[in-house]
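The exercises below are to be worked with the sequence and the coordinates at hand. Each task is followed by a solution that goes step by step.

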Amino acid sequence: MTALDSLPPWLMALVAFFLVLGSTLTLLGAFGLIHLKSFYDRIHAPTLGTSWGTAAILLASLLTWSWVQDRVFVHELVIGICVMVTTPVTLMFLGRAALHRDRAEGGGAVPPAAAARSSADESMSSDSDPKAATLPTTLGSEKVRP
Amino acid sequence: MTTVLWLALTWAQIALGLAACLAAYRIAVGPRAQDRVLGLDALYIATMLLFIVTGMRLGTPFLFEAALVIAIGGFVGTVSLAKFLLRGEVIE
């Protein structure tokens, strides 16, 4: 606490607010990671930590170091940009991989791919009576394996 | 006013450590492989933020480099694991 004692009170309050905000949001995201039931719900929870959790803590660190070293200290922006750019890419990849695995396993937990669904609709309307073909076939195609 | 900052730093360290523990729990019991990869993603974010907060408390700028390396390495690790789950190999 030697370098941090030189901060003025208003900056200290601001830094403390950002620290508490960021760490609490990260903790809430991690709690949602173990609390939510489905993987497709859980994939949303840690983004609390990667959006405002990271931004608030990096902002607190940036303000502190800029005051202590008496110059504009922008090293945190590199970490912030890296995290904010890479997290959507990572989670989109992961969600796509999970969807691929769930579809390959079957079981009707996830809806089938668009190509498999349209082919299932055509086969259903061709071999059944015309009255069933006019019904929306989303319920019937849930069980089709892709 | 120093007490306020001390309390905030302590709370931030406790909360981030707890978040890392919850992510490690998800890695340990995650029912499927994608849950474990998601837990690893949350674990490296919490650890990176914990490094930054600890660097603020200790007054040393050397933990920034560690946080930067964790951020980049975590991205590469999660993407390659997701690629492995999607295709079965990392480099085709």
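**Exercise 1.** Leaving aside neighbours within four places in sequence, determine which residues Thr64(A) is in contact with, and decide whether Thr64(A) is buried or exposed.

*Solution.* In this predicted model, the residues in contact with Thr64(A), once its neighbours within four places in sequence are set aside, are Leu4(A), Leu7(A), Val15(A) and, from the other chain, Met56(B). The next step is to place the residue, and Thr64(A) is found in helix H3 of chain A. Its relative accessible area is 2%, and since the limit for a buried residue is under 20%, Thr64(A) counts as buried. Finally, the polar end of the side chain has a partner, for the side chain of Thr64(A) reaches the backbone oxygen of Ala60(A) at 2.8 Å.

**Exercise 2.** Describe the interface of chain A and chain B by its contacts, its area and the elements that chain A gives to it.

*Solution.* Begin with the contacts: 53 residues of chain A are in contact with 50 residues of chain B. The area buried between the two chains is about 4600 Å², of which carbon and sulfur atoms give 80%. Turning to polar terms, the rule finds 7 residue pairs in polar contact across the interface of chain A and chain B, both residues being at pLDDT 80 or more. On the side of chain A that touches chain B, the elements that give two or more residues are helix H1 (9–35), helix H2 (39–42), helix H3 (47–68) and helix H4 (75–105) of chain A. Of these, H4(A) gives the most, with 18 residues. Sorted by class, this side of chain A has 34 nonpolar, 12 polar and 7 charged residues.

**Exercise 3.** Find the salt bridges across the interface of chain A and chain B, and say where their residues lie.

*Solution.* Across this interface the rule finds 2 salt bridges, and a search of the whole structure likewise finds 2 over all chains. One crosses from Arg42(A) in helix H2 of chain A to Asp35(B) in helix H2 (residues 33–58) of chain B. The side chains of Arg42(A) and Asp35(B) meet at 2.6 Å, N to O, and both residues are buried. In another, the side chains of Asp102(A) and Arg32(B) meet at 2.4 Å, N to O. Here Asp102(A) lies in helix H4 of chain A and Arg32(B) in the loop between helix H1 (2–29) and H2 of chain B, so this pair also joins two chains. As for accessibility, Asp102(A) is buried, with a relative accessible area of 14%, whereas Arg32(B), at 21%, counts as partly exposed.

**Exercise 4.** Outline the elements of chain A, and establish where the pLDDT of chain A stays under 50.

*Solution.* Chain A has 6 helices and 0 strands, and of its 146 residues 40% count as buried. Among contacts in chain A with a separation of 6 or more, residues 24 or more positions apart account for 60%. On confidence, chain A averages a pLDDT of 79, and 76% of the residues score at least 70. By element, H1(A) has the highest mean pLDDT (92), while helix H6 (residues 130–133) of chain A has the lowest (45). Over residues 126–146 of chain A, pLDDT stays under 50, and the model has 17 contacts beyond four places in sequence for them. Where pLDDT is low, the predicted coordinates should not be read in detail.

How values were computed:
Residues numbered from 1 in each chain as written. Chains lettered and ligands numbered in written order. Heavy atoms only, no water. Contact = heavy atoms within 4.5 Å. Buried area = accessible area lost by both parts, 1.4 Å probe. Salt bridge = Lys/Arg side-chain N within 4 Å of Asp/Glu carboxyl O. Polar contact = N/O pair within 3.5 Å; in protein donor to acceptor, adjacent residues only side chain to side chain. Helix = DSSP H or I, 4+ residues; strand = E, 2+ residues; numbered from the N terminus. Nonpolar A, V, L, I, M, F, W, Y, C, P; charged D, E, K, R; others polar. pLDDT = per-residue confidence, 0-100. Buried < 20%, exposed > 50% of the residue type's maximum accessible area, 1.4 Å probe, protein only.
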